[in-house]
Protein chains: 2
Amino acid sequence: MKKTAIIVAGGSGTRMKHELPKQFLLLYGVPVLMHTITCFYTYDRNLELIIALPKPYREYWKDLCAEHGFEINHAVVDGGLTRFDTVKNSLAAVQYKGLVAVHDGVRPLVSRAVIDRCFAVAAEKGIAIPCIPVSESLRVQNGDRSDPVDRTPYRLIQTPQVFRWEILQKAYEGEYLPEFTDDAGVVERAGFAITLVEGNPENIKITTPADLLIAEVLFKNNISR
Amino acid sequence: MKKTAIIVAGGSGTRMKHELPKQFLLLYGVPVLMHTITCFYTYDRNLELIIALPKPYREYWKDLCAEHGFEINHAVVDGGLTRFDTVKNSLAAVQYKGLVAVHDGVRPLVSRAVIDRCFAVAAEKGIAIPCIPVSESLRVQNGDRSDPVDRTPYRLIQTPQVFRWEILQKAYEGEYLPEFTDDAGVVERAGFAITLVEGNPENIKITTPADLLIAEVLFKNNISR
């Protein structure tokens, strides 16, 4: 089945102590987003790549690609006001209508094994969502009190979330709900059952300056490869 | 109120790809456990320090302290078979019977602000447990299916967990239960109510080689101080 990766980099990064959105910050000398794109390209050179960027950064990205000699072929679409809108815009640009991965642009440390596992399981089951176990004790807070929770069945959800195209397309025909935090939530609302697969713990989302340092040291040491 | 820190380093580290228990591995040239002890010592030089070590490593630790010129005064007690036994042994060695912090030896990145907050809140409320919010989407798995969970009220629990001495003492008079994952669970079983306080996200538990690299880069960049 043909494969597409939608890489969502539409955010403008209010949490970083930095003016530049975090997907453009340098990780080991190269913008984070280029690392992320490269993960998918090295996994499969025939993959269709669609990158959603904040509209004001289109030109900036073009210049950045020239500056870094970045030649991996990809389509660029405009990010929307919400992640939901961004994915919806990106879906409209998909040419291949086989399997579609949706991945956060600020997760440059996804392993090739996880990308492969997600596509393989989605081919068979329709939807594959990578996750990792919770390694700390877990509690649930309710006002002044809090209760312990058995962490064993809990999973922290990552990306790439991979879907058969028709499932994702159908799910995104529905209305936006503010409780959506990822694509799994969107397809589930549309009535589809998801399958969880094992992710890699290094596949962090870069949202703070500390995350960028962490990503750099993991990258340098080849931890996620 | 007088203060004690019990630093639990009784584990023998089966998860690290390394023979040496992780509390002894070098972080920026100094064993992890020395960093952890130093966090508490620099917070309050009059604090009573009790370190629980695996019995076979007592001599090794002594040599390590000599080698690194580590002169912070501390008592050493033997770790037990479980964390519960280790804390119980350590409690028996407490001289000050004021406030007692129990902290993981492999969490060298606890901030001074968090130590201070935990002691202050425990002085007032009896028990203070540091925690951080869940930043990823959360699901709960049940066999083949899984359900989305609103992550908002969930908290990941850290250490130092700080208690008035008499509360911790009373809680540890009870029997061991396999579901205990931390001291909060032990005191709660004894009927005490805990108070959650804000932790620092960099306060990671070093359990894998990647964690050690992460701790090193955070430490070098003074992220948690």
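**Stop 1: the α7 pair**

Select helix α7 of chain A and helix α7 of chain B, residues 209-220 in each. In this predicted model, the two helices pack at an angle of about 130 degrees. Their axes lie 9 Å apart. An angle of about 130 degrees falls outside 65 to 115 and is not over 145, so α7(A) and α7(B) are oblique to each other. The crossing of α7(A) and α7(B) is right-handed.

Now show the side chains. On the chain A helix, pick A:A210, A:L213, A:I214, A:V217 and A:L218. They meet B:A210, B:L213, B:I214, B:V217 and B:L218 on the chain B helix. What classes do the residues of this contact fall into? They divide into 10 nonpolar, no polar and no charged.

**Stop 2: A:L213**

Stay on α7 of chain A and centre on A:L213. Leave aside its neighbours within four places in sequence. A:L213 is then in contact with B:V217, B:N221 and B:I223. Next, add A:L27 to the selection. A:L213 and A:L27 are 186 residues apart in sequence. C-alpha to C-alpha, A:L213 and A:L27 are 8.3 Å apart in space.

**Stop 3: A:Y28**

Step along the chain to A:Y28, in the loop between β2 (26-27) and β3 (30-31) of chain A. Check its backbone. Phi of A:Y28 is near 55 degrees, a positive value in a residue other than glycine. Most residues other than glycine have a negative phi.

**Stop 4: A:K3**

Go to strand β1 of chain A, residues 3-8, and select A:K3. Which residues does A:K3 touch, not counting those up to four places away in sequence? They are A:Y43, A:D44, A:L47, A:E48, A:Y96, A:L99 and A:F119. Then draw a C-alpha to C-alpha distance from A:K3 to A:F163. It reads 10.0 Å, across 160 residues of sequence.

**Stop 5: the cis prolines**

Select A:T159 and A:P160, which are joined by a cis peptide bond. Omega there is about 10 degrees. A:P160 lies in the loop between β10 (154-157) and β11 (161-164) of chain A.

Switch to chain B. A cis peptide bond joins B:T159 and B:P160, with omega about 10 degrees. B:P160 is in the loop between β10 (154-157) and β11 (161-164) of chain B. Most peptide bonds are trans.

**Stop 6: the second largest pocket**

Turn on a surface and look for the second largest pocket, with a volume of about 340 Å³. To find it, select A:P148, A:V149, A:D150, B:E179 and B:T181. Of the 17 lining residues, these are the closest to the pocket centre. Which elements each supply at least two residues of the lining? Colour β8 (137-142) and β9 (145-149) of chain A, together with α6 (183-189) of chain B. By class, the lining has 6 nonpolar, 4 polar and 7 charged residues.

**Stop 7: α1 and α2 of chain B**

Finish in chain B with helix α1 (residues 32-43) and helix α2 (residues 58-67). Their axes come within 11 Å and cross at roughly 70 degrees. That angle lies in the 65 to 115 range, so α1(B) and α2(B) are roughly perpendicular to each other.

Show the contact. From α1(B), select B:L33, B:M34 and B:I37. From α2(B), select B:W61, B:L64 and B:C65. The residues of this contact divide into 6 nonpolar, no polar and no charged.

Definitions and conventions
Residues are numbered from 1 along each chain as its sequence is written. Chains are lettered from A and ligands numbered from 1 in the order in which they are written. This is a predicted model: local features need pLDDT of at least 70, side-chain atom pairs count only at pLDDT 80 or more; totals for chains, interfaces and linings use all residues. Side-chain values use heavy atoms; hydrogens and water are left out. Axes are lines fitted to C-alpha atoms, for helices over the stretch in contact, and angles run from 0 to 180 degrees between N-to-C directions. Helices (H or I, at least four residues) and strands (E, at least two) are DSSP runs, numbered from the N terminus. Angles under 35 degrees count as roughly parallel, over 145 as roughly antiparallel, 65 to 115 as roughly perpendicular and the rest as oblique. A crossing is left-handed if the near helix is turned anticlockwise from the far one by less than a right angle, and right-handed if clockwise. Contact means heavy atoms within 4.5 Å. Ala, Val, Leu, Ile, Met, Phe, Trp, Tyr, Cys and Pro count as nonpolar, Asp, Glu, Lys and Arg as charged, and the others, Gly among them, as polar. On a 1 Å grid over the protein atoms alone, a cavity is a set of points where a 1.4 Å probe fits but cannot get out, and a pocket is an open set with protein on both sides within 12 Å along at least five of seven lines; lining residues have an atom within 4 Å of a point. Grid points are joined across faces, edges and corners, and a volume is the space filled by probe spheres set on the points.
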